[in-house]
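Me: I'm new to reading protein models, so could you walk me through this one in questions and answers?

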Amino acid sequence: MKRDAVIVSAARTAIGRQGGALSSLPAHIFGAEVIKAAVDRAGIDTAVIDDVIMGNVLAGGDRLF
């Protein structure tokens, strides 16, 4: 049975300053909240999700400039 991959929703984390109020939260907590938000926005049953692909632009401690 062929199954096509689809993008059903997207979400992003909050943006904080280095060492700021969000610095004590582990990355996996941010990730979990983003995935929950994307699933809620899509209005789909989690039982139909086979895989989740999540990207990371900057890791903690990285600087833009």
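Reply: Sure, and here's a term to start with: helices (H or I, at least four residues) and strands (E, at least two) are DSSP runs, numbered from the N terminus. With that in hand, Gly43 follows helix 1, and its phi is positive, near 65°. This is a predicted model, where local features need pLDDT of at least 70, side-chain atom pairs count only at pLDDT 80 or more, and totals for chains, interfaces and linings use all residues. Residues are numbered from 1 along each chain as its sequence is written, and side-chain values use heavy atoms, with hydrogens and water left out.

Me: How many helices and strands does the chain have?
Reply: Going by those DSSP runs, we can just count. The chain has zero strands and one helix.

Me: What does helix 1 reach from its first C-alpha to its last?
Reply: Helix 1 has 16 residues. The expected span is 1.5 Å times one less than the number of residues, and here that gives 22 Å. The model comes close to that, with a reach of 23 Å.

Me: Which residues of helix 1 are buried, and what arc do they cover?
Reply: Buried means under 20% relative accessible area, exposed over 50%, and partly exposed in between (1.4 Å probe, protein chains only). In helix 1, Gly31, Val34, Ala38 and Val39 are the buried ones. They sit on the same side of helix 1, because the arc they cover around the axis (taken from the directions from the helix axis to the C-beta atoms) is only 130°.

Me: What share of the chain's residues count as buried?
Reply: The chain has 65 residues. Using the under-20% cut-off, the buried share is 6%.

Me: How much of the chain's accessible surface belongs to carbon and sulfur atoms?
Reply: Accessible areas come from the Shrake-Rupley method with a 1.4 Å probe, and for residues only the protein chains shown count as cover. The chain's total is about 6000 Å². The part belonging to carbon and sulfur atoms is 56%.

Me: Is Asp40 buried or exposed?
Reply: Asp40 is found in helix 1. Its C-alpha is 8.9 Å from that of Ser9, though the two are 31 residues apart in sequence. Asp40 has a relative accessible area of 65%, so it is exposed.

Me: Leaving aside neighbours within four places in sequence, which residues is Ala42 in contact with?
Reply: Ala42 lies in helix 1 and counts as partly exposed because its relative accessibility is 24%. Contact means heavy atoms within 4.5 Å. Leaving aside those sequence neighbours, the contacts of Ala42 are Val8 and Ser9.

Me: Which residue forms a salt bridge with Lys36?
Reply: A salt bridge is a side-chain nitrogen of Lys or Arg within 4 Å of a carboxyl oxygen of Asp or Glu, and the whole structure has two. One of them joins Lys2 and Asp4, with the closest N and O atoms 3.7 Å apart. The partner of Lys36 lies three residues away in helix 1, about one turn of the helix. At 3.3 Å, N to O, that partner is Glu33.

Me: Which residues make the nonpolar surface patch?
Reply: Patches are made of residues with over 30% relative accessible area and no salt bridge: like charges are joined within 9 Å, nonpolar side chains (Val, Leu, Ile, Met, Phe, Trp, Tyr) within 5 Å. One member, Val48, is in the segment after helix 1 (27-42) and counts as exposed because its relative accessibility is 52%. The patch covers about 350 Å², and its members are Val6, Val8, Ile44 and Val48.
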